[in-house]
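Hello,

I am handing over the structure below, and I would ask you to keep it open beside this message while you read. My notes on what was found in it follow underneath.

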Amino acid sequence: MKTLNTLLGAVAALSMFAVSANAQGYPERSITMVVPFSAGGPTDTVARLVAESMSKDLGQQIIVENVGGAGGTLGAGRVAQADPDGYTVLLHHIGMATSATLYRKLAYDTLNAFEYVGLVTEVPMTIVARKDLEPADLKGLVEFVKANKDSVTVANAGIGAASHLCGMMFMSAIETPLTTVPYKGTGPAMTDLLGGQVDIMCDQTTNTTKQIQGGTIKAYAVTSPERLKVFPDLPTTAEGGLPNLQVGIWHGVYTPKGTPAEVNERLSKSLQVALKDPNVVARFGELGTEPSSDADATPAALKAKLESEITRWKPVIEAAGQYAD
């Protein structure tokens, strides 16, 4: 028995040595970054900017793969089941936290099925409407919505999408339930808003900036604590009378549970380099957001953020009574 235990111990030690050696040589081939939403959407835009810069730092290409469906849970589930070798990573937004309550039957444990790499950015939201909607400011919009609650429609990109979450927060803030119109993606939702088929949408600046600047939709407020450099004349929700409507769509990078700590640390360092890339900084600025700091682009910061956001959103979702299953 003693000989067997010694042998098993030696095998375990060799396995750990092999993992450590592989981690030290990481990466030796291309990496797949799964984005759990459609190509061309806000999260996809963030992912491709970061992936391009991280590829340069790592010396291996990061290939972005869109695995959409079920509010981001299909893509997240795929990464949860992937080999924990650092060659499959996930870039997900705030839906990583809200899915823990929105989906009562998930194929993975949100907090325990992943390792953490770091936060990428927190994108502000904008409350926008079809360009010919009557109200001139946010206060007028709230009054209009309450007076016409049976006919006003709120578009979103599907249950679990950022626009859906922000829409729930808006209705909660004004204490008025409205008719929501879910779409299969941000693109179709924005198309119908542009065409006047729906009235209101609350979505990320990464998706609305160009439309606001072009005057094709009407902007009422940003959900950030302060006004944005890209929209200096657009008031905050607090300035417009809704101080409780503050929400940002944060993004983080994850790996499957069991991925070596050395690999996650290498990815985290690469992420920090990418977030200081002048091109990434400039493009994020054009989209109304900023890269996360070195302190936030770490495994510990992302884990703490996810835990706190699950706690924050749970009562909001339960109060709305809107579940995805």
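Contact, as the word is used here, means heavy atoms within 4.5 Å. Please also keep in mind that this is a predicted model.

**Two pairs of packed helices**

Two packed helices are described by the angle between their axes and the distance between the axes. In the first pair, helix H2, which covers residues 42–58, packs against helix H9, residues 261–274, at an angle of about 115°, and the axes are 8 Å apart. The crossing in which H2 passes H9 is right-handed. On the H2 side the residues that take part are Val 50, Ser 53, Met 54, Asp 57 and Leu 58, and in H9 they meet Arg 266, Leu 267, Ser 270, Leu 271, Val 273 and Ala 274. Sorted by class, the contact of H2 with H9 is made up of 7 nonpolar, 2 polar and 2 charged residues.

In the second pair, helix H4 (residues 95–102) and helix H11 (residues 299–320) have axes that come within 8 Å and cross at roughly 45°. How are H4 and H11 described in relation to each other, and why? An angle from 35 to 65 degrees is neither roughly parallel nor roughly perpendicular, and H4 and H11 are therefore oblique to each other. The crossing of H4 and H11 is right-handed. From H4, the residues Met 96, Ala 97, Thr 98, Ala 100, Thr 101 and Leu 102 meet Leu 306, Glu 309, Ile 310, Trp 313, Lys 314, Ile 317 and Glu 318 of H11. By class, this contact of H4 with H11 has 8 nonpolar, 2 polar and 3 charged residues.

**The disulfide**

The structure holds 1 disulfide, and it joins Cys 166 to Cys 202, with a distance of 1.8 Å from S to S. The pair links distant parts of the chain, since Cys 166 belongs to helix H6 (residues 162–174) and Cys 202 to strand S7 (residues 200–204), 36 residues apart. Are these two cysteines buried or exposed? Both Cys 166 and Cys 202 are buried.

**Residues in the loops**

Starting towards the beginning of the chain, a cis peptide bond joins Tyr 26 and Pro 27, with omega at about -5°, and Pro 27 has its place in the loop between helix H1 (2–24) and S1.

Ala 39 sits in the loop between strand S1 (31–35) and H2. With a relative accessible area of 54%, Ala 39 counts as exposed, because exposed means over 50%. If its neighbours within four places in sequence are left aside, Ala 39 is in contact with Asp 44, Arg 48 and Asn 66. Although Ala 39 and Gly 187 are 148 residues apart in sequence, they are 9.7 Å apart in space, C-alpha to C-alpha.

Two further loop residues have a positive phi without being glycine. For Ala 70, which lies in the loop between strand S2 (62–66) and helix H3 (73–80), phi is near 55°. The relative accessibility of Ala 70 is 36%, so Ala 70 counts as partly exposed. For Glu 175, found in the loop between H6 and strand S6 (179–182), phi is also near 55°, and Glu 175 is exposed, with a relative accessible area of 71%.

With best wishes

Methods. Residues numbered from 1 in each chain as written. Predicted model: local features only at pLDDT ≥ 70, side-chain atom pairs only at ≥ 80, totals over all residues. Heavy atoms only, no water. Axes fitted to C-alpha atoms, helices over the stretch in contact; angles between N-to-C directions. Helix = DSSP H or I, 4+ residues; strand = E, 2+ residues; numbered from the N terminus. Left-handed = near helix turned anticlockwise from the far one by under 90°. Nonpolar A, V, L, I, M, F, W, Y, C, P; charged D, E, K, R; others polar. Disulfide = S-S within 2.5 Å. Buried < 20%, exposed > 50% of the residue type's maximum accessible area, 1.4 Å probe, protein only. Parallel < 35°, antiparallel > 145°, perpendicular 65-115°, else oblique.
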